[in-house]
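Biologist: Please show me the model, and then we can go through how its helices pack.

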Amino acid sequence: MSAIQNFFNISGYLILARIVVILLILPLHEFAHGWMARRFGDDTALASGRLTLNPFAHIDPIGAILLLLTGFGWAKPVPINPARMRNPRSGIIWTSLAGPFSNLLAAIVGMILSQVTLPFFYVYGGEVLQMVYLFLRGFVSVNICLALFNLIPIPPLDGSKVLMALLPYRQSMWMQMHQQMLSLILLLLVVLRAISIPLGWASGQLETLLFRGTYWIVDLLLPLVR
C-alpha cells in the first residue's frame, strides 16, 4: 500500500494531530536546536531569524508532506556554526539532541493531558471528550515517532550529527562528504516504507511505556470525577 493510500485510511484525528505537529511542534523542534546552540555560544540561528516559533520560518515542504502522509518528516535545519561554540563537540551533540528531546517532552505533555481526559470520558462519555482523547493520543504518537525518527544516524537527521561528533575524524569526514548521497538513501527508505515497521514498533513500545507510566493520573482522578 502506498503512502497516499495509507493516508486516506487513517483517522481524521491522526491527520489533525499531524497538522498541529507541522504547525507547532516542528517549529518547536527547530527552536530547541537554536536555543541549545545559543547556550553553547553560537547565535547563528538568532542572527538568521530562525530562533523563532513561527512555522513559516522552519517548514520544509517535502518534510511536511511526508509527515502528513507517513507520520514522520522534518523541517528546514536551523543553521549552526560549531566554530562559535565554546565546546564544539559537546555543543553539537546537545544541540542535535535538543530537537528530539522537545518532541519527547511534547509527547509526555500530550500523554498526561490524555490521561486527564480519560476519567471524564469513562464517566460522562460523549463525542467531544472522545474526539479530544483520540486527538491527544494521535499527537503523542506522532511526537514519539518524530523523536525516534530524528535519532536515526543518517543525514540530515539529528542522529547523524551526534554520530559524526562521536566518530573518529576519518569516518566523520566521510559522512560529511557523502551527506547528499546518504540523504537520498534516507528519502528512498522513507518512500519505500522500509523504516516504517521498525520505527512503528519502537514508537509503539515507547508509547505503551508512557501510557503505563502515567496511568496513575486516571486512578487518581476517576474517584474524584464520579
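Modeller: Axes are lines fitted to C-alpha atoms, for helices over the stretch in contact, and angles run from 0 to 180 degrees between N-to-C directions. Helices are DSSP runs (H or I, at least four residues), numbered from the N terminus. The model is predicted: local features need pLDDT of at least 70, side-chain atom pairs count only at pLDDT 80 or more, and totals for chains, interfaces and linings use all residues. Residues are numbered from 1 along each chain as its sequence is written, and side-chain values use heavy atoms, with hydrogens and water left out.

Biologist: Are α5 and α6 roughly parallel or roughly antiparallel?

Modeller: Helix α5 covers residues 88-124 and helix α6 residues 127-150. Their axes lie 8 Å apart, at an angle of about 160°. Angles under 35 degrees count as roughly parallel, over 145 as roughly antiparallel, 65 to 115 as roughly perpendicular and the rest as oblique. Therefore α5 and α6 are roughly antiparallel.

Biologist: Which element gives the most residues to the largest nonpolar core?

Modeller: Such a core is a set of buried (under 20% relative accessible area, 1.4 Å probe, protein chains only) Ala, Val, Leu, Ile, Met, Phe, Trp, Tyr and Cys residues joined through side-chain atoms within 4.5 Å. The largest has 15 residues, and Val21, Leu26 and Leu67 are among those touching the most other members. Elements giving two or more residues are α2 (12-39), α4 (61-70) and α6. The one giving the most, with six residues, is α2.

Biologist: At what angle do α5 and α11 pack?

Modeller: Helix α11 covers residues 216-225, and its axis is 9 Å from that of α5. The angle is about 35°.

Key: Buried means under 20% relative accessible area, exposed over 50%, partly exposed in between (1.4 Å probe, protein chains only).
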